[in-house]
Amino acid sequence: MTGSKTVVEVGDSKVMVDCGLFQGLKSLRLKNRESLPIEASEIEAIILTHAHLDHCGYLPVMVRNGFKGKIYCTHPTEKLTEIILIDSAKIQEEDAERANRHDYTRHEVAKPLYTQEDARKTLQLFSTHNYDEWVIINNDLKFQLVNSGHILGSAMVELKVGSKRLVFSGDIGRSDPMLFTLQKRSGKLTIWLWSPLMETDCIELKVQKKDFYRPSKRLIVKVEF
Ligand SMILES: [Zn+2]
């Protein structure tokens with residue numbers, strides 16, 4: 001998975017779960033330069049499942065483009081994300097500087113996707129929470145972070161919209177867990193949204209009593225109950 005971003009829209013409120021950078025092949029990395037089909041300033045809050053770059057590495061772009069809300073995550077995820085974002089910004093600055101020095105880009109000036117300054121501004125928006133603590137975003141939306149056993153601080157996001165639950169798994173567990181066995185979470189109105197890979201702009205789903213849904217190649221999933 002790479003470039004993970006999902007937007008949940010409830011009434012006037014839009015919340016993004018994960019805000020990842022595309023990594024790997026150049027064709028994928030170029031997607032980081034494309035504009036999103038939604039304005040950054042329209043997003044009320046961002047919730048992170050964990051600190052891997054493909055789940056948090058796009059945050060400074062969102063902040064530079066006008067996102068001013070809170071970035072929610074666990075305490076360890078904040079600490080790890082700080083290291084990851086500053087490092088990522090530094091690499092991008094160095095790559096741009098090298099490209100300009102050697103004129104790789106032929107006449108165009110290479111610019112980093114974001115700078116260390118963008119990353120530092122991003123870090124000011126963090127709001128950290130314990131596992132299994134309900135956090136209220138607004139009258140319609142609250143969530144809790146549930147240990148997913150993937151890396152230090154990693155969590156599934158359990159969103160509560162009225163009486164309905166939406167669970168975003170993020171990356172789950174490890175192939176051979178030594179310290180943590182994944183908690184089973186079930187329920188008729190639970191919908192599992194796997195980290196999606198962005199290819200199309202938007203799909204609409206009318207979901208009814210599905211226990212498991214795994215979208216792939218999608219950016220925005222609209223779920224209607
Ligand atoms: Zn991961």
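Reader: How do strand 4 and strand 5 pair, parallel or antiparallel?

Author: In this predicted model, strand 4, which spans residues 70-74, pairs with strand 5 in the parallel sense, over 4 bridges.

Reader: And what stands opposite tyrosine 72 there?

Author: Serine 127 in strand 5 stands opposite tyrosine 72.

Reader: Which helix packs on the sheet and touches these strands?

Author: That is helix 4, residues 75-101, which touches strand 4 and strand 5. The direction of helix 4 makes about 115 degrees with that of strand 4.

Reader: Let us turn to the whole sheet. What is the order of its strands?

Author: The sheet is open and has 5 strands in the order 1-2-3-4-5, with mixed pairing. Strand 1 and strand 5 (126-129) are the edge strands, each pairing on one side only. From one strand to the next, the twist averages 25 degrees.

Reader: Which way do strand 1 and strand 2 run?

Author: Strand 1 (residues 5-10) and strand 2 run antiparallel and are joined by 6 bridges. Within this pairing, glutamate 9 has lysine 14 of strand 2 as its bridge partner.

Reader: How many residues lie between the strands of that hairpin?

Author: There are 2 residues between strand 1 and strand 2, and glycine 11 in this hairpin takes a positive phi near 60 degrees.

Reader: What about the pairing of strand 2 with strand 3?

Author: Strand 2 pairs with strand 3 (residues 45-47) in the parallel sense over 3 bridges. Alanine 45 in strand 3 is the bridge partner of valine 15.

Reader: How many residues of strand 2 are buried?

Author: Strand 2, residues 13-19, is mostly covered, with 5 of its 7 residues buried.

Notes
Residues numbered from 1 in each chain as written. Predicted model: local features only at pLDDT ≥ 70, side-chain atom pairs only at ≥ 80, totals over all residues. Buried ≥ 20, exposed ≤ 12 C-beta atoms within 10 Å, placed from the backbone. Pairing = 2+ DSSP bridges. Axes fitted to C-alpha atoms, helices over the stretch in contact; angles between N-to-C directions. Contact = placed C-beta atoms within 7 Å.
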